[in-house]
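The following paragraphs lead the reader through one protein chain, with attention to its open pockets, its domains and its enclosed cavities. The reader is invited to keep the structure in view throughout.

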Amino acid sequence: MMLNNKLTTNPIDASELSFEAFKTIVIEDYKIAFESRQASLLGRKEVLTGKAKFGIFGDGKELPQIAMAKAFKNGDWRSGYYRDQTFAFATGICTMKEFFAQLYANPDVQADPASAGRQMNCHFSTRSLNEDGSWKDLTAMKNSSSDIAPTGGQMARLVGLAYASKLYRKNPELDYLKNFSVKGNEVAFGTIGNASTSEGVFFEAINAAGVLQIPMAISIWDDAYGISVPAKYQTTKEDISEVLKGFQRDDQNAGFEIYKVRGWDYPALCETYQQAIQVCRNEHVPVMIHVTEVTQPQGHSTSGSHERYKDKGRLAWEKEYDCLRQMRNWMLESAIVDEEQLGILEDKARKFVRDAQKEAWNEFLADIKIEKDEAIALINNLAVSNPLLTRITGTLVNTPDAQRKEIISSARRALRITRGHTSEERERLMDWYQKEKLRNEERYNSKLFTDGKESISMVEMTAATYQENSKMVDGREVLNACFDANFARDERLVAFGEDLGAIGDVNQGFAGLQAKYGDLRITDTGIREMTIIGQGIGLALRGLKPIAEIQYLDYLLYALNILSDDLASLSYRTKAGQKAPVIIRTRGHRLEGVWHSGSPIAMILGSLRGLHLCVPRDMTRAAGMYNTLLRSDEPALVIECLNGYRLKEMMPDNVGDFTVPLGKAEMIREGADITVVSYGSTLRIVEEAAEELALMGISLEIIDPQTLLPFDTDHLCAASLQKTSKLLIVDEDVPGGGSAYLLQQILEVQGGYYHLDAQPQTLSAKAHRTPYGTDGDYFTKPSVDDIVETVYRMMNEHNSTKYPAIY
């Protein structure tokens with residue numbers, strides 16, 4: 001058990017420490033750094049010998065991370081990347097045994113609390129949630145948001161993590177949220193490699209932090225390379241802090257405090273971080289610490305060697321200025337420790353790391369060995385006079401470090417070989433396999449959503465209520481009243497986006513609400529889609545309820561990397577250890593022109609599993625979905641219909657309380673001849689077409705799925721097909737886009753194929769974007785004429801006598 005204990009660094013205050021106490025802290029820091037280096041060296045060996053699949057490590061960055069850890073306090077947050085292992089050790093975010101458990105992909109959340117084996121090594125995360133999905137006291141722990149591998153991607157959420165401190169400090173209405181902040185004193189620490197500062201999301205985040213003036217501390221580990229590409233190809237002037245000098249604050253202008261320090265200078269690093277974080281924490285000023293002359297002794301990762309691209313001079317310099325070597329020399333020269341003491345310390349550190357590795361490996365194999373022995377026994381019991389089965393178990397026996405793939409594959413092969421045979425032995429193997437299948441689904445496929453006590457499924461459903469004299473209003477007014485009621489109900493709600501604050505968004509859904517609730521809760525942002533989403537993620541990770549607006553659905557592409565890599569995978573990659581209930585509000589479908597009439601549904605469906613996708617046909621349904629989402633803890637994308645804001649709808653009496661269930665399709669017209677499934681703006685066109693078709697003796701049954709993720713969980717579409725036996729999908733995406741998903745769900749998942757007596761059809765937009773103008777819309781997206789004639793053609797193919805061809 002000692003191998004899983006935490007050994008954390010302590011701050012250095014020379015004014016209060018005796019020399020002996022100072023020596024103790026320095027020696028412990030060197031011990032943590034040295035252990036971290038040994039973990040990197042041993043981890044690489046474990047990959048190269050085949051025990052682990054891939055390795056990426058933080059060697060060369062040990063000392064700056066020790067210094068950073070000294071300034072990191074309970075309640076603070078980290079948004080970093082896969083070089084931060086020493087920081088993780090020094091803060092207690094990760095133990096040595098947990099480090100190796102993640103390297104081996106141990107799916108036990110107790111062994112690898114960061115990701116339960118779902119992420120490769122050095123992707124750190126703390127568990128913010130209890131098993132029921134409720135929040136822990138985040139002020140009593142050191143917090144790390146879950147890492148993602150795309151370099152630079154951590155910068156977007158960093159903005160939100162720091163912005164939360166500003167809201168907690170400046171908005172007294174949030175004082176009751178004691179488990180999330182202590183008066184906004186928390187700093188959000190970010191880390192990034194020098195090469196990744198070339199990415200757009202880095203510049204977006206830096207600019208946003210400077211504008212917002214938030215306690216964000218970004219550390220740049222500068223080793224002068226990006227894998228094999230040197231800084232001269234990466235950064236203007238080969239120096240990112242030189243590039244960003246214009247962000248330095250002065251007496252007249254807010255901005256950053258920028259610091260520069262060498263990565264091998266332990267005393268200077270400790271002093272710099274103490275000073276920088278004090279400014280950041282107390283003054284709520286963003287700071288940047290550019291750590292130069294960093295080395296990377298083992299190269300980028302286990303996939304290659306840096307000797308291929310670094311010349312002998314650079315390699316010699318890196319050896320001399322390795323931060324551990326420099327600290328070791330400094331300790332000896334300063335009489336902090338002698339050579340004998342260092343030798344003893346280093347030997348103990350090597351043994352500690354090796355023992356932790358062995359224990360992690362043995363624990364990883366322990367459960368697998370039990371499963372292996374069970375599978376061998378069951379297959380052998382079945383293998384009477386069957387040499388094929390004996391061969392399977394023989395191979396398994398002779399695979400000493402067999403993993404679940406080999407074990408389960410062996411069982412499946414045995415069941416295939418014995419197909420058509422019945423015996424108790426085969427039934428026992430089948431029962432075992434089915435149980436293991438469920439266990440492995442939980443290990444490797446569970447928790448796309450946190451499934452806690454605030455999940456969507458737990459929200460009480462309430463119907464909209466009306467009176468005889470309920471007013472008919474513009475759809476935008478329904479939305480406005482919904483947002484107003486929810487902001488009055490829940491102080492945690494915040495909303496932000498381009499043009500959202502002062503003018504209340506381009507379609508007036510938030511009109512007048514900034515004046516009512518203040519610019520801390522409803523605010524404008526710059527044009528920066530990636531960090532608008534990141535702002536939402538960070539706020540949600542810290543207990544707030546953000547609505548992040550992307551002005552048009554077409555512009556979602558500019559934030560898709562953050563949505564897909566970070567938000568959509570958050571619950572899954574932490575196995576429900578973290579959640580970020582962000583609502584992304586946008587508008588799309590039919591309008592005018594190439595850039596304002598998008599319906600890229602297939603793109604969204606393919607990249608955002610882990611978010612709910614709401615496609616309301618009008619603003620009343622949108623309001624009900626917002627009411628549902630704002631009472632849950634699951635992220636969602638809501639696409640409002642661009643051409644629906646000024647259409648008249650009846651104002652519900654309970655506009656802030658009624659709910660629309662997600663995943664429940666609605667039949668909006670009953671019919672007998674053909675089932676038409678559509679959503680969003682196109683539904684109104686389908687309804688118009690239904691009137692003309694009725695005059696032609698054709699009865700349409702129209703179904704609105706309302707949400708595409710989840711889709712029609714009660715299988716209303718398949719039930720409709722039992723009556724009509726014909727299916728038409730109408731949507732505004734490209735051919736084979738969203739319509740292909742709908743067909744797969746209805747025909748395959750719901751079994752609708754068995755109810756058809758005609759080929760199912762799809763009617764979509766053309767393969768290109770929509771040209772400008774009324775005619776561009778007519779000739780590109782499904783029209784009333786298209787729907788009428790497509791339906792009629794289907795009926796003609798079914799009964800040409802009753803429905804003679806039009807053309």
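**Pockets, domains and cavities**

The lining of the largest pocket receives at least two residues from each of three helices, α4 (96-103), α11 (339-382) and α13 (404-417). The model examined here is a predicted one. The volume of this largest pocket is about 610 Å³. It has 25 lining residues, and those closest to the centre of the pocket are K53, Y104, A105, F364 and Q403. In chemical character, the lining of the largest pocket consists of 11 nonpolar, seven polar and seven charged residues.

Where does this pocket lie with respect to the domains? To answer, one must know how the chain is divided. The assignment gives domain 1 (20-337), domain 2 (371-445), domain 3 (456-650) and domain 4 (666-798). Because domain 1 and domain 2 both contribute residues to the lining of the largest pocket, the pocket lies between these two domains.

The second largest pocket has a volume of about 490 Å³. Its lining comprises 21 residues, and P11, I12, K70, C270 and Q274 are the ones nearest its centre. Two elements, α2 (62-70) and α8 (266-283), give two or more residues each to this lining. Of the elements, α8 gives the most, with 10 residues. The lining of the second largest pocket divides into 13 nonpolar, three polar and five charged residues.

Attention now turns to the later part of the chain. The C-alpha centres of domain 3 and domain 4 are 26 Å apart. In the contact between them, 30 residues of domain 3 and 29 residues of domain 4 take part. About 2,500 Å² of area is buried between domain 3 and domain 4, and carbon and sulfur atoms give 54% of that area. Which residues of domain 3 lose the most area to domain 4? They are R590, V615 and R617, which together account for 31% of what the domain 3 side buries.

A database record also concerns this region. In an unreviewed entry, UniProt lists residues 473-647 as "domain: Transketolase-like pyrimidine-binding". Over residues 473-647, the chain is 36% helix and 17% strand. The C-alpha atoms at the two ends of this stretch are 8 Å apart.

The enclosed spaces remain to be described. How many cavities of 30 Å³ or more does the structure hold? There are four cavities of that size. The largest cavity has a volume of about 80 Å³. Of the 14 residues that line the largest cavity, T450, S571, K579, A580 and P635 lie nearest its centre. This lining is made up of seven nonpolar, four polar and three charged residues.

The second largest cavity contains about 60 Å³ of space. Its lining is formed by W135, E454, R492, A540, G543, L544, K545, K579, P581, S632 and D633. Four of these lining residues are nonpolar, two are polar and five are charged. K579 thus appears in the linings of both the largest cavity and the second largest cavity.

Key: Residues are numbered from 1 along each chain as its sequence is written. This is a predicted model: local features need pLDDT of at least 70, side-chain atom pairs count only at pLDDT 80 or more; totals for chains, interfaces and linings use all residues. Side-chain values use heavy atoms; hydrogens and water are left out. On a 1 Å grid over the protein atoms alone, a cavity is a set of points where a 1.4 Å probe fits but cannot get out, and a pocket is an open set with protein on both sides within 12 Å along at least five of seven lines; lining residues have an atom within 4 Å of a point. Grid points are joined across faces, edges and corners, and a volume is the space filled by probe spheres set on the points. Ala, Val, Leu, Ile, Met, Phe, Trp, Tyr, Cys and Pro count as nonpolar, Asp, Glu, Lys and Arg as charged, and the others, Gly among them, as polar. UniProt positions are given in the numbering used here, feature names are shortened, and annotations may be inferred rather than shown by experiment. Helices (H or I, at least four residues) and strands (E, at least two) are DSSP runs, numbered from the N terminus. Domain bounds come from an automatic or database domain assignment. Contact means heavy atoms within 4.5 Å. Buried area is the accessible area (1.4 Å probe) that two parts lose on being put together, summed over both.
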